[in-house]
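Reader: I'd like to go through this fold bit by bit. Could you take my questions as we look at it together?

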Amino acid sequence: MKAGNTDLNKLPAVEKLLSSEGLSPLINNYGRELVKYAIRQVLAEIRKSNAKTSVIPEVNEIISLVKNKATAVFTNSLKPVINGTGILIHTNLGRSPIGADLCNDTAEILKGYNNLEFDLETGKRGSRHAHLIDILKYLTGAEDALVVNNNAAAVMLVLRVFAKNYEVIVSRSELIEIGGSFRLPDIMAASDCKMVEIGTTNKTRLSDYEHAINEQTRLIFKTHKSNFTITGFTEEVAINELIATGKKKKVPVIYDLGSGLLHKAGLQEVADEPDVKSAVRLGADMVCFSGDKLLGGPQAGIIVGKKKYIAKLKKEQMTRALRVGKITIAYLEAACRNYLFNDHLYKRNVLFNLVNQGTDVLAKKADLLKVGFEKHLLAAEVIKDDGQFGGGTLPDVKVPSFAVVPSINCSSSKARTRIAKLINAELMKCKLPVVTILRKGKILINVLTIFDDNIEYIAETTAAVIKKCQE
């Protein structure tokens with residue numbers, strides 16, 4: 001920021017800026033009121049920063065800031081990006097991709113009116129919860145189901161309904177933290193229940209659960225450690241053993257399977273991952289899981305289990321605050337339909353399709369991207385670079401893949417590191433941003449998570465950005 005005068009009284013007035021030639025095209029494009037709003041926001045920010053820096057920008061820079069502010073309001077903040085990280089379920093990039101098939105399947109339902117809460121047989125008010133029950137019951141084998149807005153909400157709802165002011169037993173090795181620093185103990189506290197920790201960090205035995213159960217116990221809580229592993233001298237209680245103990249002691253067992261694998265469908269990479277259908281078959285009273293991880297659908301928290309428990313959840317007043325809308329229901333129903341046939345799942349579920357590409361396909365994709373760079377007069381190399389599931393799922397599973405590394409010509413490693421950071425930042429500013437891997441002064445583009453129709457754009461855009469940054 002260039003230093004202008006330091007007197008805030010010298011800041012140009014709103015009306016003066018509105019009448020300036022520099023903002024005339026902006027007013028034509030966005031309207032006078034939006035530009036006036038942007039001016040006031042920018043001037044307020046300058047006054048706030050002036051208290052620390054004692055300087056104000058010159059008029060031409062103020063106009064530039066107003067243009068940026070107005071454009072930010074007028075354009076979409078949420079936009080498509082190209083994921084060159086090799087992380088399949090990238091939480092920061094929207095978790096599992098939805099894909100064109102799901103968009104097409106739901107377009108007809110969502111573009112007009114629909115029967116969200118209307119019973120077409122009776123002509124009376126219906127329930128939005130009814131739309132997903134049949135398919136979720138079929139796919140999981142559960143007696144009933146309920147969908148809320150995310151899995152943390154699902155867990156909180158269950159805890160509050162069944163254990164408010166009472167005790168919930170949980171192993172110390174399962175006191176997980178999920179993204180955004182949300183921790184299970186905090187969710188327990190927010191649900192007004194008392195968490196009873198048992199076992200140690202590395203070992204929890206069935207006897208620990210049995211000794212902790214008393215007249216204040218209302219739930220046995222088991223969490224799948226989907227975003228970390230504990231190895232070595234360890235022991236944990238299998239879900240079937242907990243279920244047997246719960247039945248014996250008449251204490252419901254809730255299983256938090258946050259990763260949301262409905263069933264394995266023959267996918268080798270998830271062979272050791274617990275799935276919802278198996279948990280229900282073993283007799284878990286309630287199973288909670290996410291809709292936008294391994295399931296491959298929209299953000300949602302899904303609760304399946306015994307009818308008597310789900311019925312009580314549906315009557316809870318908090319359920320209304322956590323309910324989902326027509327968009328989530330439509331997308332989740334379409335995502336679930338893909339599980340009716342394995343060939344549909346591998347073809348139409350983007351996550352399963354990407355995982356199932358195979359190294360031959362990925363190698364060909366990498367070669368095409370390398371050739372694309374060379375077409376734009378930029379050398380590149382292909383290296384082996386494993387992808388991963390991400391999104392708090394399968395932390396130990398690597399997906400064999402390749403990355404393309406475009407050449408950055410610099411005289412020193414220090415300069416290369418600086419330019420690589422600049423290239424990485426500039427790629428994220430493109431009209432269609434390209435998110436890459438920045439590693440040891442290099443830009444890597446892992447082909448596991450890019451699509452064929454993105455290859456030419458990635459090559460052309462990245463080559464242009466690299467040449468610009470090296471000038």
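Author: What follows is a short run of questions and answers about a sheet, cysteines, salt bridges and a helix pair.

Author: This is a predicted model, where local features need pLDDT of at least 70, side-chain atom pairs count only at pLDDT 80 or more, and totals for chains, interfaces and linings use all residues. Residues are numbered from 1 along each chain as its sequence is written, and side-chain values use heavy atoms, with hydrogens and water left out.

Reader: In the open sheet of 4 strands, which strands stand at the edges?
Author: Strands here are DSSP runs of E, at least two residues long, and helices are runs of H or I, at least four, all numbered from the N terminus. Two strands pair if DSSP finds at least two bridges between them. The order is E13-E16-E19-E18, with antiparallel pairing. Each edge strand has a single partner, so one side of it is left without a neighbour in the sheet, and these strands are E13 (380-384) and E18 (437-439).

Reader: Which residue stands opposite Ala-403?
Author: Strand E16 (residues 402-406) pairs with strand E19 (residues 442-446) in the antiparallel sense, over 2 bridges. Across from Ala-403, in E19, you'll find Asn-446.

Reader: What angle does helix H18 make with E19?
Author: Axes are lines fitted to C-alpha atoms, for helices over the stretch in contact, and angles run from 0 to 180 degrees between N-to-C directions. Helix H18 (residues 413-427) packs on the sheet and touches E18 and E19, contact meaning heavy atoms within 4.5 Å. Its direction and that of E19 make an angle of about 40°.

Reader: How many disulfides are there?
Author: The rule asks for a pair of cysteine sulfur atoms within 2.5 Å. For Cys-469, the closest cysteine sulfur is in Cys-430 at 9.5 Å, too far for a bond. Cys-336 is in no disulfide either, with the sulfur of Cys-288 the nearest at 15 Å. The count of disulfides comes to 0.

Reader: Is Cys-336 buried or exposed?
Author: Buried means under 20% relative accessible area, exposed over 50%, and partly exposed in between (1.4 Å probe, protein chains only). Cys-336 sits at 0% relative accessibility, so it counts as buried.

Reader: How many residues apart are Arg-95 and Asp-292?
Author: Their side chains meet in a salt bridge at 3.1 Å, N to O; the term means a side-chain nitrogen of Lys or Arg within 4 Å of a carboxyl oxygen of Asp or Glu. Arg-95 is partly exposed at 24% relative accessibility, whereas Asp-292 is buried at 6%. The pair links distant parts of the chain, and the two residues are 197 residues apart.

Reader: Which residue forms a salt bridge with Lys-222?
Author: Lys-222 is in strand E9 (residues 217-223), and its partner lies in the loop between strand E5 (167-171) and strand E6 (177-178), 48 residues apart. Both residues are buried. The closest N and O atoms are 2.8 Å apart, and the partner is Glu-174.

Reader: Are H7 and H12 roughly parallel or roughly perpendicular?
Author: The axes of helix H7 (residues 151-163) and helix H12 (residues 307-315) come within 10 Å and cross at roughly 100°. Angles under 35 degrees count as roughly parallel, over 145 as roughly antiparallel, 65 to 115 as roughly perpendicular and the rest as oblique. That makes H7 and H12 roughly perpendicular.
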